[in-house]
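Reader: I am new to this structure and should be grateful for a close look at a single part, the second largest pocket, together with the sheets and loops of the chain. Please explain each term when it is needed.

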Amino acid sequence: MKHTFILLVLVASLAATAQEGQNLVYNASFEERSFCPQRIDAIGVMKAVDAWWQPTQGSSDYFNQCGGRECTVPRNKMGTQAPHTGNAYCGIYCSQEDYREYLQTELRTPLQAGRHYRVAYFASLADKSPHAVATLGALLTADRIADSTVGILMRRENTDIGGGERQSIATYIVPQVANPTDSVVDNTREWVEICDTIVADGGERFLTLGNFADFNHSTVVDLHNALAILQGAYYYIDDVSVVCLDTAGAEPEPAVTAPAEGEIVPMWGVFFDIDSHELLQQSYNELRRLLELLRAYPDMKIELRGHTDNTGTLKHNLELSDNRAKAVLDYMEEHGVERRRMTSKGYGSTLPVDTNDTPEGRSRNRRVEYRVIGY
């Protein structure tokens, strides 16, 4: 188990589409994947499913019909359940006092202030769970959540307490959508919809699913389950949606405009593990934006360019940056863009866009970008 650059015309196009009731969640039923999952690990990172990731160190799980024995569907290590739709779903722990799991994704476009959205997903309790809970929820945030905890997700803030000292204060997060505390989700046969309608503050673009209530406020029920192999409530999750309900007044969809020849466009939303060229699921939206642009302009040719900070040797940085640029090229090719339209090159630390003397500057220097080389 275990500085995004956004092409404004694409955002405007997607926002207009959202007014017509489009689901803003990419890969909403977890069908798109990089590879078939093979086993359930007590620790580790969920990497197989596209566009979804775990925001904490709690190791969420992916199940697919093509998977290995532990993580196939309908029968797997956690129980037996057919997907709500399609051939796949995810799974998360929701009730252990000292351990939680969550799922996170980035929406197609940020929510618009004052508009009404229906936020929903389906959950089913795994057969081998000894407990069930009520408080499954959904949290919408403007910023990506990343936390090193394996426990309940908290809001952490550093506060100045005087004398040059700072104190970290953690508070419970209240999600916009939460299943009622008197309605325990204990159905192992059918899928239960967790849903509500919200009014957006504006700018929310990350969606996180899980249980945000502490153990004492989760309405934990002991099922006295003889089949239980787990230590808490484990739920399968499927068919996630965020849909705008305000269809009146939709603006006409503008044309997608490409960058000029010679223009360099940074892809701040492309992420890799430290010292790795393996693309992370967090990169999905940024990659899809470029993919949509290349599809809209079939004669467009680009150079994908990788960069690093100045940590490490020149040789290592050149090799790492080259492999990262090539990883993006391979993704585009795997999704239908002809290889002849793309080249890739690593520049190492030779072309910084910020100082290498601060963590923030080094983070900006570690980037992938593309340059338009022709039409």
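Author: On a 1 Å grid over the protein atoms alone, a pocket is an open set of points where a 1.4 Å probe fits, with protein on both sides within 12 Å along at least five of seven lines; a lining residue has an atom within 4 Å of a point. Grid points are joined across faces, edges and corners, and a volume is the space filled by probe spheres set on the points. The second largest pocket has a volume of about 440 Å³. Its lining comprises 20 residues, of which S34, D50, L279, Y331 and E334 are the closest to the centre. Two elements each give two or more residues to this lining, α2 (284–296) and α3 (314–334); helices (H or I, at least four residues) and strands (E, at least two) are DSSP runs, numbered from the N terminus. The largest share, four residues, comes from α3. By class, nine lining residues are nonpolar, five polar and six charged; here Ala, Val, Leu, Ile, Met, Phe, Trp, Tyr, Cys and Pro count as nonpolar, Asp, Glu, Lys and Arg as charged, and the others, Gly among them, as polar.

The model is a predicted one, in which local features need pLDDT of at least 70 and side-chain atom pairs count only at pLDDT 80 or more, while totals for chains, interfaces and linings use all residues. Residues are numbered from 1 along each chain as its sequence is written, and side-chain values use heavy atoms, with hydrogens and water left out.

Both helices also meet a sheet. Four strands form this open sheet in the order β17-β20-β18-β19, with mixed pairing; two strands pair if DSSP finds at least two bridges between them. At its edges are β17 (264–266) and β19 (342–346), each pairing on one side only. Neighbouring strands here are turned by 25° against each other on average, direction ignored; axes are lines fitted to C-alpha atoms, for helices over the stretch in contact, and angles run from 0 to 180 degrees between N-to-C directions. Three bridges join β17 to β20 (367–374) in the antiparallel sense, and P266 has E369 as its bridge partner in β20. Packing on the sheet, α2 touches β17, β18 (301–307) and β20, and its direction makes about 160° with that of β18. Helix α3 lies across β18, β19 and β20, at about 160° to β19.

A further open sheet has five strands in the order β2-β5-β16-β7-β13, paired antiparallel. Because β2 (61–64) and β13 (192–199) each have a single partner strand, one side of each is left without a neighbour in the sheet. Strand β2 pairs with β5 (88–93) over four bridges, and F63 has Y89 as its bridge partner in β5.

Several loop residues complete the picture. L230 is placed between β15 (221–222) and β16 (234–244). With 11% relative accessibility, L230 is buried, a term that means under 20% relative accessible area (1.4 Å probe, protein chains only). Beyond its neighbours within four places in sequence, L230 is in contact with M78, Y93, K128, S129 and P130, contact meaning heavy atoms within 4.5 Å. The loop between α1 and β1 holds F30, which has a positive phi near 65° and is buried at 0% relative accessibility.

Note on methods: Buried means under 20% relative accessible area, exposed over 50%, partly exposed in between (1.4 Å probe, protein chains only).
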